[in-house]
Amino acid sequence: MTLTVLPYVAAARWPQAGFYAAAVVLQRKGESVNEPHASSGGEFESLIAAAKSARENAHAAYSNFRVGAGLRATSGRIFGGCNVENATYGLTVCAERVAIFKAISEGERGFDAIAVVTDTDALTPPCGACRQLIWEFCGDVPVILANLKGKVEIIAMKDLFPKPFDASSL
Ligand SMILES: [Zn+2]
């Protein structure tokens, strides 16, 4: 089986703070449900729409990098989240975590998908901190990455976060 390594560098994400994120997505040629693959979004259309809508409310005064997230609870409710930046940079909260905290604060405990929308050609995966939180509250859910041009990729959480620290580690 041939492995293709796709470097995925989001160096421009928080330039003022000198932060950068880098992740490598391993894409195996051939079909498998657990690997990143392009998609039309299909069943996740409403989730992507919620993420786009939340993105409009992003408070991205420093990076100007607007992110929207859509989190679907097993109850069927969808929670949007946007990045909320702060002059300290370090107190910034990502869109994914805002969506999770909103849902948890309203009593939701089970989730089955999360979408992340940015206006970039290369789709933006959740940062490391968000991966930890998504794993804690959502487990191995599909993570739908999308941009404003209709590009969509779906990655299983266990592939984004293959060796997690969680309650089973304690
Ligand atoms: Zn994040």
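This is a short dialogue on reading a nonpolar core, a helix and a hairpin.

Me: What kind of model is this, and how are residues numbered?
Reply: It is a predicted model: local features need pLDDT of at least 70, side-chain atom pairs count only at pLDDT 80 or more, and totals for chains, interfaces and linings use all residues. Residues are numbered from 1 along each chain as its sequence is written.

Me: Which residues touch the most other members of the largest nonpolar core?
Reply: A nonpolar core is a set of buried Ala, Val, Leu, Ile, Met, Phe, Trp, Tyr and Cys residues joined through C-beta atoms within 7 Å. Buried means 20 or more other C-beta atoms within 10 Å of a residue's own, exposed 12 or fewer, partly exposed in between, with C-beta atoms placed from the backbone. Here the core has 39 residues, and Ala69, Ile114, Ala115, Val116 and Ile144 touch the most other members. Strand E6 (residues 111-118) gives the most, six residues. Strands (E, at least two residues) and helices (H or I, at least four) are DSSP runs, numbered from the N terminus.

Me: Where do the buried residues of helix H3 lie around the axis?
Reply: An α-helix has 3.6 residues a turn, so residues three or four places apart point the same way. In H3 (residues 128-138), Cys130, Ile134 and Cys138 are buried. They cover an arc of only 40 degrees, taken from the directions from the helix axis to the C-beta atoms, so they sit on the same side of H3. Exposed Gly128 and Ala129 are on the face turned away.

Me: How do strands E7 and E8 pair?
Reply: Pairing needs at least two DSSP bridges between strands. E7 (residues 142-147) and E8 (residues 152-156) are antiparallel over five bridges. Pro142 stands opposite Ala156.
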